[in-house]
Amino acid sequence: MVPSIRFSLLPVQRWAGRLRLAMSSRDEFLRYVHTEGNAEGGHSWTNEDLKPSPPHMVNWKWYNFCLFWFGMGFGNWTLGSSIVGAGLTWWQATIVVWIAAFVSGTCMALNSRAAANYHVGYPVLLRTCFGMYGHYWPVLTRGACAMLWVSILNFQGGAFVATMLRCIIGKRWDDLGSQFPPSVGTTLQRFIGFVLFWAIELPFCSFRPNKLRWLYTLKAWTLPPSVFGLLIYCLVQSRGHLASDSALAGTSTPRGTVLVWLVVSSINSTMGNWSTFIANMPDFSRYATSPSAVMWTHILCVPFPAAIGGMIGIIGTSCLQKAWGVTLWNQWDVFDAILDRSWTAPTRFGVFLLALCAALYNLGVILGANLLPFASDATALFPTYFNLTRGMWFCCLVSLAFMPWKLLASADGFLAFLNGYGIFMGPTAAVMITDYWIVRRGNIEIAQAYTSKPGAKYMYFHGFNPNAVVAYLCGLMIPFVGFIGTFGIAVPKGATRCDEIGWYVSAVVAGTVYVTLCRLNPLENVDKSLAWEEQAREFAASRLEAEASNDSLEEKSNVSEKEGDSKSSKSIVVVACQSVA
C-alpha cells in the first residue's frame, strides 16, 4: 500500500520562529547561519549531517531499497536508444543492459556496506581511504557534475510538465500568441514547463532521505503501470509488429569483431547510467536498518527492473517506427506525437497521466542522484554553513541560472564531458570498495574521521593517503587521453578504444593498484589483528548502549517523547564522534 501523506504547517511555523529569533541579535544571527555544533564559525570537520545518523533517522528497510530501484529501473525508456542506435539488435541491447546493471548493482552493494554499518555518508567514508584533505577532490568532482545534471534533468522534467499543460489547456497551449526568438534555444511552452517543474521541486529540498521513502514508494507503484500502458499502446499501433533492426538503428547490423567491440563499449556506456549511483549509494545506505538491507537488494533489484524497463523502451520505439515511420526515443516526443495523431479527450487524459508519472520519475532521479549528492558534498566542503537541506536548496536555486537549453545546444563538447564522468567516479568507487573489503576488512575507527590533529588516524601524509592518490591517478590516466579526444582533439585510436571502456579500465586499474600498493606499502592505521568488521560491531553496540541509557534517563526524568528523542540522538553522536585527545 502507498503510505498516506500528511501535511502540516508546523515545520513552517518553527522555521519562521527560528528566523525571527535570528534577527533579534548578531549572536543569534550567527548561530542561525552556522550549522549545528559550529556556532563559533571557523574550520570544522563535522555538522549534523556529517555525523553518524541518529537511530531515529535510520529507517530504510530492505523493501525500501527494493522499491527505490523498482521505481528507478522502469524509467529507463530511453536507455536503449544509444545502444540500438549504434547498431545492436533489441535482444543484444537487452543483454548489454543486463550485464551493465548487474555489475552496477554488485558495485553498489559493495560500496554501501560501510555506510550501512557506520551510518555515515560518502564524504566521511572518503576521508578514511583518501585522507582528511585528499577526499576533497572526489567530493568536488561529484558535486560539480551533480549540479549540471540537476539543471538538465529539470529541463527534461519541464518537457513533461509542458505536455501535461497541453493536455489541460488544449490547442490554445500550442499558440500562446508570442514566442522566444530561435536564438534563445527553447520554446515558451518548454520554458514555462521548466520553471513550473523547478518550482514544484523546491519544497522537496527540505527533506532528507529518511523523509522521502514515501516518494520512492509512490514511484514504484505508479511508474511500472504507466510504462506498460504506453507499451500496450505502441503494440496496438503496430498490431504487434516490430520494425527491422536496420530501420530502428538507421544503420547496418555489424558483424564479427566489430560487433564484439560494439557490445563491450555499449556495456561501458550503459554503465554511465548508474556510475553516479555506485558512488552515491552511501548517502542513502547510511539510513539502512542493517547491512544486509543493502546487499542482495542491490544485486537483484538493480538489474531486473532496469533490463525490463530498457527492453520495454526498445520494443515500444520499434513498434512506433513500424507504425508511423519515425523513430522517437524521448518519451516527451512520443507523448506529443500521440496527441498530434489523436486529439480526443480520452487520449489527452491518458497522455496527461503518462506525463505525470514520467515527471515523478524525473523528480526522484534529481533528488536521489543529483541534489542529495551535491548537498552531501557541500556539507564536506563547507560544513560550517551547509547541511543537507541547505545544500539541496542552494543547488536547486543556482541550477536555474545554467539555462540548460543552452548547454544542450552545445551538445557535442558538453555532453561528451558528462558522458565521460564515469572515468572520474570509477577510480573513486574502486578505492572505496577495495579499501573497506580487502585492506581494512570492514574496520573503521569512525571518530577519527572528524579530526585533523597531528597523529590522527586518517591524516596519513599531510592529510593525503599516497596509496589512494597514486591508484586514483593510475586508473584515471589510461582512459583520460581518449576522453580528451571526445572534444574533437586528435588522439590515437588505441586511446579512443580505452575511453570507450573507460569506466571498467579506470575502476579495475585503480582497485588493483591500490591493493598492490597497500601490500607493498602497508597503511599504518590498519590493525590486521582485528576480525572482520569487529569495529563495526563495537560501534553498533555503543549506539545501542547509549540509546538504552537515554531511555532509562527519560523514564526517570519523565520528560516528553520529543525531548527524549533529541537527547538520545545527541548522546549517540557524542559516543560515535567523541573528541580525540
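**Reasoning about a helical chain**

User: Why does H119 count as buried?

Analyst: H119 has a relative accessibility of 8%. The word buried is used under 20%, so H119 at 8% earns that label. Please keep in mind that this is a predicted model.

User: Where is the place of H119?

Analyst: H119 sits in the loop between α5 and α6.

User: What is the phi of H119 near?

Analyst: Phi of H119 is near 60 degrees, which is a positive value in a residue other than glycine. M403 offers a second example, with phi near 50 degrees, again positive and again in a residue other than glycine. M403 is also in a loop, the one between α19 (388–399) and α20 (404–409).

User: Why is M403 called partly exposed?

Analyst: M403 has a relative accessible area of 39%. Buried needs a value under 20% and exposed a value over 50%. The 39% of M403 falls in between, so partly exposed is the right term.

User: How many helices and strands are there in the chain?

Analyst: The chain has 27 helices and zero strands. As for burial, 53% of its 581 residues are buried.

User: What is the accessible surface of the chain?

Analyst: The accessible surface is about 25400 Å², and carbon and sulfur atoms account for 65% of it.

User: What share of the contacts in the chain join residues at least 24 apart?

Analyst: If you take the contacts between residues at least 6 apart in sequence, 84% of them join residues at least 24 apart. Let's look at some residues one by one.

User: What makes L215 count as buried?

Analyst: Its relative accessibility is 1%. Since that value is under 20%, L215 counts as buried. L215 belongs to helix α10 (residues 213–238).

User: Which residues does L215 touch, not counting those up to four places away in sequence?

Analyst: L215 touches F204, L360, L363 and L367. L215 and G364 are 149 residues apart in sequence, yet their C-alpha atoms are 7.4 Å apart in space.

User: Is L363 buried or exposed, and how do you know?

Analyst: L363 has a relative accessible area of 7%. That is under the 20% cut-off, so L363 is buried. L363 is in helix α18, and it touches F197, E201, F204 and L215, leaving out residues up to four places away in sequence. L363 and N154 are 209 residues apart in sequence, with 8.1 Å between their C-alpha atoms.

User: Why is C357 called buried, with a relative accessible area of 14%?

Analyst: The test is whether the value is under 20%. The 14% of C357 passes it, so C357 is buried. C357 is in helix α18, which covers residues 345–381. Beyond its neighbours within four places in sequence, C357 is in contact with T222, L223 and S226. C357 and F160 lie 197 residues apart in sequence and 9.1 Å apart in space, C-alpha to C-alpha.

User: What makes T270 count as buried?

Analyst: T270 has 3% relative accessibility. Set against the 20% cut-off, that makes T270 buried. T270 is in helix α12 (residues 256–271), and it touches L79, I83, V96, V97 and A100, not counting residues up to four places away in sequence.

User: How do you know that the side chain of T270 has a polar atom placed for a polar contact with the backbone oxygen of S266?

Analyst: The two atoms are 2.7 Å apart. The limit for a polar contact is 3.5 Å, so the pair fits within that distance.

User: How many cavities of 30 Å³ or more does the count come to?

Analyst: The count comes to six cavities. Rolling a probe the size of a water molecule over the atoms shows where empty space is left. The largest cavity has a volume of about 100 Å³, and the second largest about 60 Å³.

User: Which helix gives the most to the lining of the largest cavity?

Analyst: That is α22, with five residues. Helices α5 (90–118), α6 (122–130) and α22 (422–439) each supply at least two. Among the lining residues are L110, C129, D435 and W437.

User: How do the residues of the lining divide in each of these two cavities?

Analyst: The lining of the largest cavity has nine nonpolar, two polar and one charged residue. The lining of the second largest cavity has three nonpolar, three polar and three charged residues, including R440, K457 and D527. Aspartate, lysine and arginine count as charged, so R440, K457 and D527 belong to the charged group.

Conventions
Residues are numbered from 1 along each chain as its sequence is written. This is a predicted model: local features need pLDDT of at least 70, side-chain atom pairs count only at pLDDT 80 or more; totals for chains, interfaces and linings use all residues. Side-chain values use heavy atoms; hydrogens and water are left out. On a 1 Å grid over the protein atoms alone, a cavity is a set of points where a 1.4 Å probe fits but cannot get out, and a pocket is an open set with protein on both sides within 12 Å along at least five of seven lines; lining residues have an atom within 4 Å of a point. Grid points are joined across faces, edges and corners, and a volume is the space filled by probe spheres set on the points. Helices (H or I, at least four residues) and strands (E, at least two) are DSSP runs, numbered from the N terminus. Buried means under 20% relative accessible area, exposed over 50%, partly exposed in between (1.4 Å probe, protein chains only). A polar contact is a pair of N or O atoms within 3.5 Å; within protein, one must be able to donate a hydrogen and the other to accept it, and residues adjacent in sequence count only if both atoms are side-chain atoms. Contact means heavy atoms within 4.5 Å. Accessible areas come from the Shrake-Rupley method with a 1.4 Å probe; for residues, only the protein chains shown count as cover.
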